[in-house]
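Look at the structure below with the sequence beside it. The paragraphs that follow go through its parts in turn.

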Amino acid sequence: MTAPKIELSGVRKAFGEKVVLDGIDYALPKGESLVVIGGSGSGKSVLLKCILGILRPDAGSIRIDGVETVGAKGQARENVVKKIGMLFQGSALFDSLPVWENVAFRLIQGQGMDRKEAKEIALDKLAQVGLGAPVAELHPAELSGGMQKRVALARAIASEPEIIFFDEPTTGLDPIMADVINDLIVASVKKLGATTISITHDMASARKIATRIAMIYAGKFIWSGPASEIGHSGNEYVDQFIHGRAEGPIRMAVRRP
Amino acid sequence: MSDLLATIGRAFLDALAALGRLVLFAITAVGHMFRPPFYPALIGRQMIEIGYFSLPVVALTTIFSGMVLALQSFTGFARFSAEGAVATVVVLSMTRELAPVLAGLMVAGRIGAAMAAEIGTMRVTEQIDALTVLSTNPYKYLVVPRLIAGATMLPLLVLTGDILGVFGGYLVAVYKLDFNAAAYIRRTWDYLEMMDVVSGLVKAGAFGFLISLTGCYHGYNSKGGAQGVGQATTNAVVSASILILVFNYLITEMFFAK
């Protein structure tokens, strides 16, 4: 059995009194696509930020390729980060740069690549997500939400990372554009052979891009398994979530009339 | 009474904690100034933004301040027949105090607010997180170029302001108050010492650093959405203005206290 690409053990994170992650354990093998589902505020984004090193867990261990990343600094942190690409929920494109420079940002700033060479790669990645050369010279504010997501995907895959994170990749998109983005994600990940973790509320998206699904509730993974088994998980929390029912064991913090 | 004391004590501790966070931010940023990678193109862009684009507002502020100073000191000094001191008062006031403080406050309003808004928007739209994921240190990419540009451009703006302020005084003195042009210029030079100009430029360098520091700090730590960015912008201008006035006193004390 090969060592997991990403291994979480006992990951805990609290903000003041509120415990967001309460001992997350998971081992994700290389080449698998994990989708983490869960309600708003359940800690999905915090989990991603802990793995990325943007937030530091209060306790626990996060290993990537067997290397501990919690508390890693300097070159050790850089070695981890350069393996990772990420598509942010709001795309997080840099307003001040044209589209092609957004896509080529890591190549130019992080790897010191020649701008001309980096631009050629950026144009190639943009073509992979269905955007032509004229779009490359536009600024992010001139693009629709769907086009911004495509640019963000091109940026995430530009440096051909071994690991890609997708934070709510289809939020705010119409169903057709959401499916286009899902297809692009699947195609890009397959081409790179990357290991991915996605977080989403969108079950259609989860079913399409996941090989494995885990559900987070009250700071813990309460169910995980192959994506094909999500429909008959035998877990009433998962059933309530995937069918979008108001009634069930998960109680939303809303005042009922 | 004890509630009042507790409130005052809490506010004092909060202020100290905020000052501590600002100092830590400054130390981190300065530490990154001396370690590669460096971004000269970004420094150049910020220099143009701070130096070149602030020139009109600093020029207008200082030239009119010089003109008003000449007019006010003339009418005041006329009461005890000391009109001859107008040129000296204008040049010393402009170089030591007015040009650095007024330029600092104007640039704090223009640049400090813009920095806080830009970096704050980047924070709330996850662009700063994206920088980290794209192997780019946000301190080096966003903060260091602004600190360097602020600390180097404000002295140049103040030097320009010194010249324009003195020129404003000259215009009023010669064309409105009928001073002899050559005599006015001679008195300006006779009483001006190198330390007067240097102290103003040192102040300007410190103010430029502080304006960029508070702009970056409040933007970098902004939370929430548009309201958080608005709050960061306000805090940046207010804290930069207060720090300018405090450091103005401290630097004056350092140069001129007997």
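Two residues are in contact if their C-beta atoms, placed from the backbone, lie within 7 Å. With that in mind, note that this is a predicted model, and begin with a helix of chain A and its surroundings.

Helix α7 of chain A covers residues 145-157. Its 13 residues reach 19 Å from the first C-alpha to the last, close to the 18 Å expected at 1.5 Å a residue. Of the 13 residues of α7(A), 10 are buried, so the helix is largely enclosed by the rest of the structure. A residue counts as buried here if 20 or more other C-beta atoms lie within 10 Å of its own. The buried residues of α7(A) begin with Gln148(A), Lys149(A) and Arg150(A), followed by Val151(A), Ala152(A), Leu153(A), Ala154(A), Arg155(A), Ala156(A) and Ile157(A). The elements of chain A that cover them include the strands β6 and β7 (163-167). Among the helices of chain A that do so are α3 (99-103), α4, α5 (115-128) and α8 (175-192).

Elsewhere in chain A there is an open sheet of four strands, with the order β2-β1-β4-β5 and antiparallel pairing. Its edge strands are β2 (18-28) and β5 (67-68) of chain A, each of which pairs on one side only. The pairing of β5(A) is with β4 (residues 59-64) of chain A, in the antiparallel sense and over two bridges. Within it, Arg63(A) has Glu68(A), in β5(A), as its bridge partner.

Across β1 (6-15), β2 and β4 of chain A lies helix α1 of the same chain, residues 44-52, which runs at about 60° to β2(A). How many of the residues of α1(A) are buried? Nine of its nine residues are, and the helix is mostly covered. They include the charged-type names Lys44(A) and Lys49(A) as well as Val46(A), Leu47(A) and Ile51(A). Just after α1(A) comes Gly53(A), with a positive phi of about 90°.

The last part to look at is where the two chains meet. Here 15 residues of chain A are in contact with 10 residues of chain B. On the side of chain A that touches chain B, α2 (74-81), β6 (84-87) and α4 (105-110) of chain A each supply at least two residues. The most comes from α4(A), with four residues. By type, the residues on this side of chain A are nine nonpolar, three polar and three charged. Both β6 and α4 of chain A are also among the elements that cover the buried residues of α7(A).

How values were computed
Residues are numbered from 1 along each chain as its sequence is written. Chains are lettered from A and ligands numbered from 1 in the order in which they are written. This is a predicted model: local features need pLDDT of at least 70, side-chain atom pairs count only at pLDDT 80 or more; totals for chains, interfaces and linings use all residues. The expected span of a helix is 1.5 Å times one less than its number of residues. A residue is buried if 20 or more other C-beta atoms lie within 10 Å of its own, exposed if 12 or fewer, and partly exposed in between; C-beta atoms are placed from the backbone. Two strands pair if DSSP finds at least two bridges between them. Axes are lines fitted to C-alpha atoms, for helices over the stretch in contact, and angles run from 0 to 180 degrees between N-to-C directions.
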